[in-house]
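Work through these exercises with the model open beside you. Try each task before reading its solution.

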Amino acid sequence: MSPIHSASLVEASYHSKEVLQLLDLDINRTLIDHLVQETAEVVDHALGRPTTPRGRPDRRCKKRSDFADFIANILHTADVKMATVLVTLVYIHRSKPHLSIETEDWALHRVFLGALILASKYTNDSTLKNSHWAIATGLFGKRDIGRVEREFLDVLDWELTVSESDISDLHDSLMALYPLRRFARTPMRLIPSVRTIFSSWSDSESENSSPTSSPAPSTPSTSSPPRHTDLKRTKSIKDIAVHISHTLSMSWASDSEESPVSPSYPHVAVA
């Protein structure tokens with residue numbers, strides 16, 4: 001396995017832990033909603049209107065929903081990687097103090113698309129042509145793409161350099177979207193259920209009473225605990241308590257980590 005990181009030209013050990021965590025994130029619907037919100041805040045600032053606080057309903061929710069579908073579609077169609085998305089966010093934030101918008105028509109799409117195209121060209125040696133971007137959007141023509149790119153270059157004053165610290169600044173806000181990956185996970189010690197305790201006790205009793213027989217192992221999810229009358233007849237309350245205490249002291253968790261489940265996002269087919 002090559003020590004060179006797939007999103008870099010150097011070994012992974014040269015990058016900070018925060019940057020590597022961000023590069024390992026999945027592009028899902030939660031991230032797309034975040035891109036919508038970040039772009040909308042920049043556009044609202046450029047238009048001189050207040051931004052709807054996060055978590056509150058927005059009267060423009062239908063427009064935002066269509067914009068989210070636009071982002072999902074273009075990221076999927078253009079096969080955009082996480083490194084490009086990170087640089088796109090850096091460019092969107094960088095444009096906020098300098099952006100001036102005369103008309104609201106397609107403002108969200110133009111700002112995001114301008115940042116995405118420049119980020120793609122900055123992070124990839126070989127990238128899509130403007131005609132390909134036009135096809136991927138399903139909305140803009142080749143000339144429109146060229147105009148969007150030039151306008152966003154002017155907004156950034158051709159300052160396209162992105163440092164590792166620029167990416168690290170995104171860490172907290174993005175990792176909050178992925179709660180299962182926010183902290184390093186350690187193996188958990190799981191407390192077995194009462195059903196599991198009684199099942200394992202019942203199996204051990206069977207083995208002791210019939211040393212020559214080999215009963216089939218029982219599974220906690222399918223085996224049934226012995227009846228309370230059987231417990232009273234064969235074991236005292238003290239013996240059961242000792243058995244439960246011994247069972248809780250056993251190791252129940254494996255060293256394997258849980259795999260976080262990331263919600264998928266819908267893809268919009270391009271005609």
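**Exercise 1. Describe how helix 3 and helix 5 pack, and list the residues that make the contact.**

Solution. This is a predicted model.
Step 1: take the geometry. The axes of helix 3 and helix 5 are 11 Å apart, and the packing angle is about 25 degrees.
Step 2: classify the angle. Angles under 35 degrees count as roughly parallel, so helix 3 is roughly parallel to helix 5.
Step 3: add the handedness. Helix 3 passes helix 5 in a right-handed crossing.
Step 4: list the partners. Helix 3 contributes Arg64, Phe67, Phe70, Ile71, Ile74 and Leu75, and helix 5 contributes Leu108, His109, Phe112, Leu113 and Leu116.

**Exercise 2. Check the span of helix 3, then find its buried residues and what they pack against.**

Solution. Step 1: compare the spans. Helix 3 has 17 residues, which at 1.5 Å a residue should span 24 Å. Its end C-alpha atoms are 24 Å apart, so the two values agree. The expected span uses one less than the number of residues.
Step 2: pick out the buried positions. In helix 3 they are Arg64, Phe67, Ala68, Phe70, Ile71, Ala72, Asn73, Ile74 and Leu75.
Step 3: find their surroundings. These buried residues pack against helix 2, helix 4, helix 5 and helix 6.
Step 4: look past the helix. Asp79 follows helix 3 and has a positive phi, near 55 degrees.

**Exercise 3. Classify the packing of helix 2 (residues 29-47) against helix 3 (residues 61-77).**

Solution. Step 1: read the geometry. Helix 2 and helix 3 pack at about 120 degrees, with their axes 9 Å apart.
Step 2: classify. This angle makes helix 2 oblique to helix 3.
Step 3: give the handedness. The crossing of helix 2 and helix 3 is right-handed.
Step 4: name the contacts. From helix 2 come Arg29, Ile32, Asp33, Leu35, Val36, Gln37, Thr39, Ala40 and Asp44. They meet Arg64, Ser65, Phe67, Ala68, Asp69, Ile71, Ala72 and Leu75 in helix 3.

**Exercise 4. Decide whether Thr39 is buried or exposed, and name its contacts.**

Solution. Step 1: place the residue. Thr39 lies in helix 2.
Step 2: apply the cut-off. Buried means under 20% relative accessible area. Thr39 has 0% relative accessibility, so Thr39 counts as buried.
Step 3: list the contacts. Leave aside the neighbours within four places in sequence; Thr39 is then in contact with Phe67, Ile92, Leu108, Val111 and Phe112.

**Exercise 5. Work out how enclosed helix 5 (residues 107-123) is, and how it meets helix 6 (residues 130-137).**

Solution. Step 1: check the span. The 17 residues of helix 5 should span 24 Å at 1.5 Å a residue, and the end C-alpha atoms are 24 Å apart, which agrees.
Step 2: count the burial. In helix 5, 13 of the 17 residues are buried, so the helix is largely enclosed by the rest of the structure.
Step 3: take the crossing. The axes of helix 5 and helix 6 come within 12 Å and cross at roughly 135 degrees. The two helices are therefore oblique to each other. Helix 5 passes helix 6 in a right-handed crossing.
Step 4: name the contacts. Leu113, Leu116, Ile117, Ser120 and Lys121 in helix 5 meet Asn130, Trp133 and Thr137 in helix 6.

**Exercise 6. Explain why the phi values of Trp106 and Trp158 deserve a second look.**

Solution. Step 1: recall the rule. Most residues other than glycine have a negative phi.
Step 2: read the values. Trp106 is not a glycine, yet its phi is positive, about 55 degrees. Trp158 is not a glycine either, and its phi is about 60 degrees.
Step 3: place them. Trp106 sits in the loop between helix 4 (82-95) and helix 5. Trp158 sits in the loop between helix 7 (142-156) and helix 8 (164-168).
Step 4: check exposure. Trp106, at 47% relative accessibility, counts as partly exposed. Trp158, at 59%, counts as exposed.

**Exercise 7. Summarise the whole chain.**

Solution. Step 1: count the elements. The chain has twelve helices and zero strands.
Step 2: take the burial. Of the 271 residues, 36% are buried.
Step 3: take the contacts. Among contacts between residues at least 6 apart in sequence, 80% join residues at least 24 apart.

Methods:
Residues numbered from 1 in each chain as written. Predicted model: local features only at pLDDT ≥ 70, side-chain atom pairs only at ≥ 80, totals over all residues. Heavy atoms only, no water. Helix = DSSP H or I, 4+ residues; strand = E, 2+ residues; numbered from the N terminus. Buried < 20%, exposed > 50% of the residue type's maximum accessible area, 1.4 Å probe, protein only. Contact = heavy atoms within 4.5 Å. Axes fitted to C-alpha atoms, helices over the stretch in contact; angles between N-to-C directions. Parallel < 35°, antiparallel > 145°, perpendicular 65-115°, else oblique. Left-handed = near helix turned anticlockwise from the far one by under 90°.
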